[in-house]
Amino acid sequence: MREWFGLVARLVTGGVWLVAGALKLPDPYESVRAVRAYDLLPESVVPTVGHLLPVLEVVVGVALIGGVLTRAAGAVSALLFLAFIIGIASAWARGLQIDCGCFGGGGYEPGASAKYPGEIARDVVLLALSLFLVRVRATRFALDNVLFRRTGPTISEA
């Protein structure tokens, strides 16, 4: 049962990352604007983060969907979701009205704070799925099962 739930967690989380990154790739400057709007990072690193984040999201998404290095991709996913939760909560606490930039866009948006609770809740659920993927040993239909096939008895079987 855990392997099947792991498959669902991989596909849902990976799908979110793949869509989010793919929507940002065509306009990297929009991603930079979204990162800048949070006003959390030094300006010297904002362009780098803004340009690399969509690429990282696509890579994590592809890895999770394919089940390649699932535990590592789950860990990166969890760290990203934690960072996004902190970023949105910080924007909310400071009274910023910005689009989260999660699926493109970003920058000032009147009334955006009304969306923050839902965005945080979504990211908390996706964080939990990511942490599950870090913990579970194997999931169904993952390339990890072929690439890292265990041979011989495991410690618990010996």
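**Figure 1. Trp4 in helix α1 of the predicted model**. Trp4 sits in helix α1. Its relative accessible area is 41%, so Trp4 counts as partly exposed. Setting aside residues up to four places away in sequence, Trp4 touches Arg140 and Phe141. Gly105 gives a second reference point: 101 residues separate Trp4 from Gly105 along the chain, and their C-alpha atoms are 34 Å apart.

**Figure 2. Helix α1 crossing helix α5**. The two axes cross at roughly 130° and come within 9 Å. Angles from 65 to 115 degrees would be roughly perpendicular and angles over 145 roughly antiparallel. α1 and α5 are therefore oblique to each other. The crossing of α1 past α5 is left-handed. From α1, the contact draws on Arg2, Phe5, Gly6, Ala9, Arg10, Val12, Thr13 and Val16. From α5, the partners are Leu126, Leu129, Ser130, Phe132, Leu133 and Arg135. By class, this contact has 8 nonpolar, 3 polar and 3 charged residues.

**Figure 3. Helix α2 against helix α3**. Helix α2 covers residues 28–37, and helix α3 covers residues 46–66. They pack at an angle of about 125°, and their axes lie 8 Å apart. That angle makes α2 oblique to α3. Here the crossing is right-handed. α2 contributes Pro28, Tyr29, Ser31, Val32, Val35 and Arg36. These meet Val46, Pro47, Val49, Gly50, His51 and Pro54 in α3. The contact of α2 with α3 has 8 nonpolar, 3 polar and 1 charged residues.

**Figure 4. Ser31 in helix α2**. Is Ser31 buried or exposed? Its relative accessible area is 6%. The cut-off for buried is under 20%, so Ser31 is buried. Beyond its neighbours within four places in sequence, Ser31 is in contact with Lys24, Gly50 and Pro54. Gly50 and Pro54 are among the α3 residues that meet α2.

**Figure 5. Glu57 in helix α3**. Glu57 belongs to the helix that spans residues 46–66. Its relative accessibility is 1%, so Glu57 counts as buried. Which residues are in contact with Glu57, leaving aside its neighbours within four places in sequence? They are Trp17, Leu18, Ala20, Gly21, Lys24 and Phe84. Lys24 also appears among the contacts of Ser31.

**Figure 6. Helix α4 and its cover**. Helix α4 runs over residues 70–93. At 1.5 Å a residue, its 24 residues should span 34 Å. The end C-alpha atoms are 34 Å apart, which agrees. Which residues of α4 are buried? They are Thr70, Ala73, Gly74, Ser77, Ala78, Leu80, Phe81, Ile85, Gly87, Ile88, Ser90 and Ala91. An α-helix has 3.6 residues a turn, so residues three or four places apart point the same way. Among the elements that cover the buried residues of α4 are α1 (2–24), α3 and β1 (98–99). The cover also includes α5 (116–135) and α6 (144–147).

**Figure 7. Gly95, just after helix α4**. Gly95 takes a positive phi. The value is about 75°.

Conventions: Residues are numbered from 1 along each chain as its sequence is written. This is a predicted model: local features need pLDDT of at least 70, side-chain atom pairs count only at pLDDT 80 or more; totals for chains, interfaces and linings use all residues. Side-chain values use heavy atoms; hydrogens and water are left out. Helices (H or I, at least four residues) and strands (E, at least two) are DSSP runs, numbered from the N terminus. Buried means under 20% relative accessible area, exposed over 50%, partly exposed in between (1.4 Å probe, protein chains only). Contact means heavy atoms within 4.5 Å. The expected span of a helix is 1.5 Å times one less than its number of residues. Axes are lines fitted to C-alpha atoms, for helices over the stretch in contact, and angles run from 0 to 180 degrees between N-to-C directions. Angles under 35 degrees count as roughly parallel, over 145 as roughly antiparallel, 65 to 115 as roughly perpendicular and the rest as oblique. A crossing is left-handed if the near helix is turned anticlockwise from the far one by less than a right angle, and right-handed if clockwise. Ala, Val, Leu, Ile, Met, Phe, Trp, Tyr, Cys and Pro count as nonpolar, Asp, Glu, Lys and Arg as charged, and the others, Gly among them, as polar.
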